[in-house]
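Student: Could we go through this model together, one question at a time?
Tutor: Sure, have a look at it below.

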Amino acid sequence: NTPLVDPRGSVSGIVSLVEDVTDRIQAEVALLESERKYRNLVDHALIGIYTTNIEGDFLYANQALADIFEFEYAEKIMSQPVSLRYKNIRDRQMFIAALRKSGSVDSFEVEVITAKGKTRDVIISAVLDQDTISGMVLDITERKRTEEERLEMERRLLHTQKLESL
């Protein structure tokens with residue numbers, strides 16, 4: 001048996017090549033595993049996660065986003081432009097302008113329309129990378145309703161206290 005030899009006559013060159021290929025394969029396997037874990041985390045997150053292009057076409061949406069907008073499946077929300085979800089299209093324009101100005105937006109509060117026609121209050125955080133927007137959506141409808149009820153109760157209490165002091 002003759003050992004494998006590269007054209008320059010070096011067995012160590014072949015060994016080095018095999019080690020390089022092995023390292024590359026291990027790196028690719030690790031990258032695929034990391035991507036699988038990331039995808040699993042995003043797909044099962046409790047918060048809506050999405051990616052769109054600047055024109056408003058969905059590139060990705062997780063199930064939590066579909067749930068916020070009352071779609072049965074993420075694929076269904078992805079079949080419509082983002083602009084259909086805004087209650088006021090000017091909010092979308094303001095959101096895009098803010099993204100273009102700073103590259104990211106934190107806590108952009110807006111009213112949206114669900115697939116069933118309901119209005120919801122959400123907070124959007126997003127980043128712009130070239131023409132791709134990646135972000136998260138948190139439904140704050142219940143929290144806002146509770147806060148409004150609390151403020152109304154405080155207003156009534158103050159009114160009652162004023163009447164009692166007369």
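Student: Let's start with Arg120: in which strand is its place?
Tutor: Note that this is a predicted model: local features need pLDDT of at least 70, side-chain atom pairs count only at pLDDT 80 or more, and totals for chains, interfaces and linings use all residues. Residues are numbered from 1 along each chain as its sequence is written, and side-chain values use heavy atoms, with hydrogens and water left out. Helices (H or I, at least four residues) and strands (E, at least two) are DSSP runs, numbered from the N terminus. On that numbering, Arg120 has its place in strand E4.

Student: Does Arg120 count as buried or exposed?
Tutor: Buried means under 20% relative accessible area and exposed over 50%, with partly exposed in between (1.4 Å probe, protein chains only). Arg120 comes in at 18% relative accessibility, so it counts as buried.

Student: Which residues does Arg120 touch, leaving out those up to four places away in sequence?
Tutor: Contact here means heavy atoms within 4.5 Å. With those sequence neighbours left out, Arg120 touches Asp67, Ile68, Phe69, Glu70, Val110, Glu111, Val112, Thr114, Asp139 and Thr141.

Student: And what separates the C-alpha atoms of Arg120 and Ile77?
Tutor: Along the chain, Arg120 and Ile77 are 43 residues apart. In space, their C-alpha atoms are separated by 16 Å.

Student: On to the core: which element gives the most residues to the largest nonpolar core?
Tutor: A nonpolar core is a set of buried Ala, Val, Leu, Ile, Met, Phe, Trp, Tyr and Cys residues joined through side-chain atoms within 4.5 Å, and the largest one here has 25 residues, with Tyr50, Leu65, Phe95 and Ile124 making the most contacts inside it. At least two residues each come from strand E2 (58-61), helix H2 (63-68), helix H3 (74-78), helix H4 (89-102), strand E3 (104-113), strand E4 (119-129) and strand E5 (132-139). The top contributor, with four residues, is E3.

Student: Which residues does Phe95 touch, again not counting those up to four places away?
Tutor: Phe95 is one of the residues with the most contacts inside that core. Its partners are Tyr50, Tyr86, Val105, Phe108, Ile124 and Ala126.

Student: Now the strands: how many bridges join E3 to E4?
Tutor: Two strands pair if DSSP finds at least two bridges between them. E1 (residues 48-53) runs antiparallel to E5 with six bridges, and E4 and E5 are also antiparallel, over eight. E3 and E4 run antiparallel too, with Glu111 bridged to Asp121. The bridges joining E3 to E4 number eight.

Student: Which residue in E5 is the bridge partner of Gly48?
Tutor: Gly48 pairs with a residue of E5 that Ile124 also stands opposite. That residue is Val137.

Student: Which residue has a positive phi in the hairpin of E4 and E5?
Tutor: For reference, the hairpin of E3 and E4 has five residues between the strands, and there Gly117 takes a positive phi near 85°. The hairpin of E4 and E5 has two residues between the strands. The residue with a positive phi near 60° there, and not a glycine, is Gln130.

Student: Why does Gln130 count as exposed?
Tutor: Gln130 has its place in the loop between E4 and E5. It counts as exposed because its relative accessibility is 71%.

Student: And Ser107, what is its phi?
Tutor: Ser107 has its place in strand E3, and with 51% relative accessibility it counts as exposed. Its phi is positive, in a residue other than glycine, at near 60°.

Student: Which helix gives the largest share of the lining of the largest pocket?
Tutor: On a 1 Å grid over the protein atoms alone, a cavity is a set of points where a 1.4 Å probe fits but cannot get out, and a pocket is an open set with protein on both sides within 12 Å along at least five of seven lines; lining residues have an atom within 4 Å of a point. The pocket lining includes Glu35, Tyr38, Arg39 and Val42, along with Tyr50 and Met136. Helix H1 (11-43), E1 and E5 each supply at least two residues. The largest share, four residues, comes from H1.

Student: Last one: what is the volume of the largest cavity?
Tutor: Grid points are joined across faces, edges and corners, and a volume is the space filled by probe spheres set on the points. The structure holds one cavity of 30 Å³ or more, and of the 15 lining residues the closest to its centre are Tyr50, Val82, Tyr86, Ile124 and Val137. The volume of the largest cavity is about 150 Å³.
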